[in-house]
Amino acid sequence: MDRCLACDLAEGSAQLPGGRLSETSSWLVEHTIGPLGVGTLIVKPKRHVTHVADLTEAEAAELGPLLRKVAQVVTELATPQQVYITLWSHADGVPGHIHWVVQPVTRRLMDEFGDFGPSLQVRMFDRDDPLDLVAVERFSEEARSLLRP
């Protein structure tokens, strides 16, 4: 297998803005490194999994409650109009380490990009704005405290 960025981030061999926010026995929560904005969190399995169908029973049982909790935290901290939860699983056109993107979406963000839904995310990637790392650190610290069991 070629290097996996998700695994590298989990192992600490790639820089992770905000650090690890939470973990369960099967899942990790991190801030995104991509251009989807401050407050966009990633929920990914600890082990390298490329298909939802390959999740273990234990991983699947933890997933729903964890996604709900992460969405609650994003809602509390970012006060968005909506929280998008999308599965991303491709890298260079081939299945990659699955991860759910939990993204706060505000009216201001939709107006700025003139779009919403999957097209909004595509436009954000096309524009590729860098993350404000100071804001990421601040958001991550608040999220970490709210995600504690």
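Strands S1 and S2 form a hairpin in which three residues lie between the two strands, and in this predicted model the pair runs in the antiparallel sense over three bridges. The hairpin belongs to an open sheet of five strands, ordered S1-S2-S3-S5-S4 with antiparallel pairing. Helix H2, which spans residues 57-78, packs through its buried residues against several of these strands, including S2 and S3, and also against helix H5.

**The sheet**

- S1 and S4 stand at the edges of the sheet, and because each has a single partner strand, one side of each is left without a neighbour in the sheet.
- Neighbouring strands of this sheet are turned against each other by 25 degrees on average, with direction ignored.
- Strand S1 covers residues 20-23, and its residue Arg20 has Glu30 of S2 as a bridge partner.
- Glu30 also has a bridge partner in S3, namely Ile42, where S2 and S3 pair in the antiparallel sense over five bridges.

**Helices that pack on the sheet**

- Helix H4, made up of residues 117-127, packs on the sheet by touching S4 and S5, and its direction makes about 60 degrees with that of S4.
- Helix H5 lies across S1, S2 and S3, and runs at about 20 degrees to S1.

**Helix H2**

- H2 has 22 residues and reaches 32 Å from its first C-alpha to its last, which is close to the 32 Å expected at 1.5 Å a residue.
- The helix nevertheless bends by about 30 degrees at Leu63, with a proline, Pro65, following within four residues.
- The buried residues of H2 are Glu59, Leu63, Leu66, Leu67, Val70, Ala71, Val73 and Val74.
- An α-helix has 3.6 residues a turn, so residues three or four places apart point the same way.
- The buried residues of H2 pack against strands S2 (27-31), S3 (41-45), S4 (82-91) and S5 (94-105), as well as against helix H5 (133-147).
- Just after H2, Thr79 takes a positive phi of about 40 degrees.

**Glu59 in its surroundings**

- Glu59, which is found in helix H2, counts as buried because its relative accessibility is 4%, where the cut-off for buried is under 20%.
- The side chains of Glu59 and Arg47 are joined by a polar contact of 2.7 Å.
- When residues up to four places away in sequence are not counted, Glu59 touches Ser26, Trp27, Arg47, Val49 and Asp54.

How values were computed:
Residues numbered from 1 in each chain as written. Predicted model: local features only at pLDDT ≥ 70, side-chain atom pairs only at ≥ 80, totals over all residues. Heavy atoms only, no water. Expected span 1.5 Å × (residues − 1). Bend = angle between axes of the 7 residues up to and from the residue. Buried < 20%, exposed > 50% of the residue type's maximum accessible area, 1.4 Å probe, protein only. Contact = heavy atoms within 4.5 Å. Pairing = 2+ DSSP bridges. Polar contact = N/O pair within 3.5 Å; in protein donor to acceptor, adjacent residues only side chain to side chain. Axes fitted to C-alpha atoms, helices over the stretch in contact; angles between N-to-C directions.
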